[in-house]
Amino acid sequence: AHLAAHDYSAARTELVAGLHDQPSDKAMLQLFAHTLLRLNDGEGAGIAIDRYAAAGGSAAEVNQMRAEVQLIKGDPQAAWGMIETDQSSEGMRLGAQALAALGQTRESITRFEQGLTQVPSVPLITAYARLRLSANDAEGAGRLSAMLSQLAPNSYEAMMIAADLAAIEARIGPALAGFARAAKAFPSRPEPLLAAADVLERTGQTKEAAAMVAKAAELAPGLRDVGAMSLRVTAAAGQWDKVLVMLQPLETQIVPASPDGLLYAEAMLRQGRPEQARAMLTQVLTQEPNNPQARRLTAEAQLATGDPNRAFATVQPLVETRFPERSILELAIRIGDAAGEPEAEALAAKLASPEYALYERHAVAADKAAMLGDWSAAAAHYRELVALDTSAQTLGNLAWATMMAGDPATAIGLADRASALSPEDPMLLHNAAYARYRSGRDLAQARTLLQRAAALDPANLEIRVRLITVEAATG
């Protein structure tokens, strides 16, 4: 009953008690191993699998479970070596996941597609849908979501994939309703609550997101994902004292340039430790000079440590665009005033100008509409922005909104204009290709554009998956 309800913690407790009395019971050992795998307990699962094997468990199943342990432990190469020749549904799933983790996206998708044709199952379809969702491939994930809804309509997997699909499509209401349905049907699972918290935080509903995280923490207080979402929501609420408390014990493990590293630096800055923040941020900015968040925070830390001239030099690249963000512009003015820079006056005049006010009004409205999936409204606002600023980014945003609003043919011209202004931007090339794919026009050119984008950013999963999709469409 606990396993059917996905209450793996309760199942583990019950099975531990049962195995105390019957330590060699093959059926219980099998369930115990599977339960620990679902809990991502690689060490515990490994021991349970050995016991199951010793009790006469299926050799093929034991091999599959051991391969999954390697995936949990972060060794996909070892997993692939164990599972490569296994043509069962589980073997195809695990092999495809191992290939994906190794960065072999094309081979992973080929194996998933073979599995769908030969041995479809809920776990295989779910894992494949997760890959497509990770690549923001709504079309591919939608096909798999429909298959799940047919195969297992009331399953946890079908509910979650459908809700996740709604989330990446910016259908906020259906996404939250879907996560709520999954949370109600499977009340021991923290994942629907965390997924809802993610959507709520991204749409500016920080208080509601925090409430969801608190509920998830009650179910799984030690879960890493709970801690990560709690940190994110706490930072979004501006509770920097709490962020500092949460990250300080992990200080020696934090990579400065990681999201957690930048949060930790910002927390130190906000909590009166600018010297430490500056040392950490300077290191990040040296490694990643084009990281705008690191640049902004470094400038703030330099100002806070009494070095306004250096701070102004640091922040200057961020205000070279025609319409910088208000927070960046205000920071640059504050730093410029402290440094006695004549340019501060011109920046202040820009901030106070009617043109800036008009741009800001449309920018805020466009971003809000896009976040909520109202693409027609977003496109209307982006058109107003392009009249004020024909930068590559603004044109690219208009192209994307126009395409998502149902007019990919018009989006092609806009996307090409954006890409011409910034020809080395892989996502602008991707968007120009995707508009062609969505319109059904010039697929050969779409393929060429995606090949260029993939060469510029080979680690980008969205570009890789889109290229594979377009190649399949062009034969």
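Here is a short chat between a visitor and a guide about a predicted model.

Visitor: Let's start with helix α21. Which residues of α21, residues 343-352, are buried?

Guide: Buried here means under 20% relative accessible area. In α21, seen down its axis, the buried residues fall within an arc of 60°, so they line one face of the helix. The residues in question are Ala344, Leu347 and Leu351.

Visitor: And which exposed residues sit on the face of α21 turned away from its buried side?

Guide: The buried side of α21 is taken up with packing against α19 (308-315), α20 (326-339) and α22 (354-371). The face turned away from that side carries the exposed residues, and these are Glu345, Ala346 and Ala352.

Visitor: On to a pair of helices. Are α24 and α26 roughly parallel or roughly antiparallel to each other?

Guide: Helix α24 covers residues 392-404 and helix α26 covers residues 426-439, and their axes come within 10 Å. Those axes cross at roughly 25°. Angles under 35 degrees count as roughly parallel, and therefore α24 and α26 are roughly parallel.

Visitor: How many charged residues are there in the contact of α24 with α26?

Guide: From α24, Ala392, Gly396, Trp400, Met403 and Met404 take part, and they meet Leu428, His430, Asn431, Tyr434, Ala435 and Arg438 of α26. Sorted by class, that gives seven nonpolar residues, three polar ones and, for charged, just one.

Visitor: What about α5 and α6: how far apart are their axes?

Guide: Two packed helices get described by the angle between their axes and the distance between the axes. For α5 (residues 76-83) and α6 (residues 89-101), the angle is about 150° and the distance between the axes is 9 Å.

Visitor: Is the crossing of α5 and α6 left-handed or right-handed?

Guide: In this pair, Pro76, Ala79, Trp80 and Ile83 of α5 meet Gly91, Leu94, Gly95, Ala98, Leu99 and Ala101 of α6. Their contact has eight nonpolar residues, two polar and no charged ones. As for the way α5 passes α6, the crossing is left-handed.

Visitor: Now the backbone. Is histidine 6 buried or exposed?

Guide: Most residues other than glycine have a negative phi. Histidine 6, in the segment before α1 (8-21), has a positive phi near 65°. Its relative accessible area is 10%, and since the cut-off is under 20%, histidine 6 counts as buried.

Visitor: Last one: what is the relative accessible area of aspartate 442?

Guide: Aspartate 442 lies in the loop between α26 and α27 (443-456). Its phi is positive too, near 50°. This residue is partly exposed, with a relative accessible area of 45%.

How values were computed. Residues are numbered from 1 along each chain as its sequence is written. This is a predicted model: local features need pLDDT of at least 70, side-chain atom pairs count only at pLDDT 80 or more; totals for chains, interfaces and linings use all residues. Side-chain values use heavy atoms; hydrogens and water are left out. Buried means under 20% relative accessible area, exposed over 50%, partly exposed in between (1.4 Å probe, protein chains only). Helices (H or I, at least four residues) and strands (E, at least two) are DSSP runs, numbered from the N terminus. The arc is that of the directions from the helix axis to the C-beta atoms. Contact means heavy atoms within 4.5 Å. Axes are lines fitted to C-alpha atoms, for helices over the stretch in contact, and angles run from 0 to 180 degrees between N-to-C directions. Angles under 35 degrees count as roughly parallel, over 145 as roughly antiparallel, 65 to 115 as roughly perpendicular and the rest as oblique. Ala, Val, Leu, Ile, Met, Phe, Trp, Tyr, Cys and Pro count as nonpolar, Asp, Glu, Lys and Arg as charged, and the others, Gly among them, as polar. A crossing is left-handed if the near helix is turned anticlockwise from the far one by less than a right angle, and right-handed if clockwise.
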